[in-house]
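I opened this model to follow how its parts lie against one another, and I kept notes as I went. I began with a pair of helices and then turned to the sheet.

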Amino acid sequence: MQTDSNNKRQLNKLAVGGVVLALTILTILAYWYHRRSAEVEWLGLNPDPDAQTLVSPSQPQGLPPDIFTTEPQHRTFDGDVVYVTPLPGGQLWLARRNPASTFVLTAILRTIPVLLLLASLVVLGYYIWKTRIFAERVKELIMYDPVTKVLNWRFAEERCTQMVKHCRRYKEEFSFLVLDGDHFIWINDNFGPEAGDEALIFLAETIKNVIREVDILGRYGGEKFVIGLPSTDLNGAVVVAERIRQLFEQCKPTSYDVRYSVSIGCAQLIRNEDLHDTIKRATHALYRAIKGGRNRVAASKNHEAAA
């Protein structure tokens with residue numbers, strides 16, 4: 001939880017920094033846009049580029065429309081900021097802006113509407129981004145168990161249902177494992193909730209290290225987990241269960257002296273059987289493993305009652 005909180009703070013800092021940077025860039029662009037596109041006032045023609053006076057006070061006449069395509073340069077004449085564009089024959093076209101003393105203020109005032117619009121778009125995009133992150137976080141909290149970070153059974157069940165349909169379509173086997181941590185309640189009662197959570201996390205990580213990416217792992221409630229094994233028959237399921245059992249037996253707690261163990265029941269989906277009935281048969285096999293002394297694997301027979 002502390003890590004999630006730190007990550008959230010880092011994301012907020014990055015987001016605020018991004019908004020400030022974006023607004024700064026937009027301000028510069030808007031200012032530049034104003035300098036390039038603001039209305040101008042004709043002053044006239046000047047045959048001498050270095051002269052400080054203007055020859056004609058009126059707008060030049062008879063100039064072709066494409067004469068002003070040359071990139072202008074900024075110059076100052078008598079305290080006014082002007083554009084100077086060379087003309088054929090060495091003449092100059094002068095277009096006055098505002099006096100230099102008020103040029104910056106005028107530019108900012110004229111770009112405020114554009115700036116506000118762009119800023120609104122940035123803020124709107126930021127909140128859309130934050131909303132998407134929040135939605136993904138909520139979805140994650142709903143889908144995954146907060147302790148073990150594996151799927152809650154409701155979502156694991158949906159995936160198992162889809163995979164069972166796929167396997168039946170292509171006439172492939174499908175098996176289930178039901179796992180129950182041995183004496184996890186006793187560990188929780190005697191060493192505290194943190195110790196109980198640690199045992200669950202160790203078991204979940206052990207399972208992840210054994211199963212394939214295509215396999216489906218979900219927390220079934222309490223100390224139980226269910227694993228769906230596509231394209232796996234009962235013998236293959238027993239092999240996977242035994243590997244999990246042996247590997248979990250090697251795990252050691254960090255702050256207390258207890259030996260971990262897990263009991264596992266296995267069952268293979270049979271023709272015309274609902275997956276819930278298969279899980280019930282695997283659960284019956286799990287109970288036989290527990291009654292037989294725990295820390296063992298038991299396989300369900302196809303004729304074993306699911307009720």
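Entry one. Keeping in mind that this is a predicted model, I looked up which residues join two of the helices, and I found that Ala199, Phe202, Leu203, Thr206, Ile207, Asn209 and Val210 in helix 5 meet Val240, Arg243, Ile244, Leu247 and Phe248 in helix 6. When I sorted the residues of this contact between helix 5 and helix 6 by character, I counted nine nonpolar, two polar and one charged.

Entry two. I then asked at what angle helix 5 and helix 6 cross. The axes of helix 5 (residues 193–210) and helix 6 (residues 234–249) come within 9 Å and cross at roughly 135 degrees, which means that helix 5 is oblique to helix 6. I also noted that the crossing of helix 5 past helix 6 is right-handed.

Entry three. I picked out Thr206, which lies in helix 5, and wondered whether it is buried or exposed. With a relative accessible area of 2%, Thr206 is buried, because the cut-off for that word is under 20%. Leaving aside residues up to four places away in sequence, Thr206 touches Ile244, Leu247, Phe248 and Cys251.

Entry four. Turning to the sheet, I found that it is open and made of six strands in the order 5-7-8-6-9-10, with mixed pairing. Strand 5 (151–152) and strand 10 (297–299) stand at the edges with a single partner strand each, so one side of each has no neighbour in the sheet.

Entry five. I followed strand 6 (residues 174–181) and saw that seven bridges join it to strand 8 (residues 224–230), and that seven bridges also join strand 6 to strand 9 (residues 262–268). Strand 6 runs antiparallel to strand 8, and it runs antiparallel to strand 9 as well. As landmarks I wrote down that Phe174 stands opposite Pro230 in strand 8, while Val178 stands opposite Gly265 in strand 9.

Entry six. In a regular strand the side chains alternate between the two faces of the sheet. In strand 6, Phe174, Phe176, Val178 and Asp180 point one way, whereas Ser175, Leu177, Leu179 and Gly181 point the other way, and all are buried.

Entry seven. I checked strand 9 and strand 10 last, and they pair in the parallel sense over three bridges, with Cys266 opposite Ala299 in strand 10. Returning to helix 6, I noted that it lies across strand 6, strand 8, strand 9 and strand 10, and that it runs at about 170 degrees to strand 9.

Terms used:
Residues are numbered from 1 along each chain as its sequence is written. This is a predicted model: local features need pLDDT of at least 70, side-chain atom pairs count only at pLDDT 80 or more; totals for chains, interfaces and linings use all residues. Side-chain values use heavy atoms; hydrogens and water are left out. Axes are lines fitted to C-alpha atoms, for helices over the stretch in contact, and angles run from 0 to 180 degrees between N-to-C directions. Helices (H or I, at least four residues) and strands (E, at least two) are DSSP runs, numbered from the N terminus. Angles under 35 degrees count as roughly parallel, over 145 as roughly antiparallel, 65 to 115 as roughly perpendicular and the rest as oblique. A crossing is left-handed if the near helix is turned anticlockwise from the far one by less than a right angle, and right-handed if clockwise. Contact means heavy atoms within 4.5 Å. Ala, Val, Leu, Ile, Met, Phe, Trp, Tyr, Cys and Pro count as nonpolar, Asp, Glu, Lys and Arg as charged, and the others, Gly among them, as polar. Buried means under 20% relative accessible area, exposed over 50%, partly exposed in between (1.4 Å probe, protein chains only). Two strands pair if DSSP finds at least two bridges between them.
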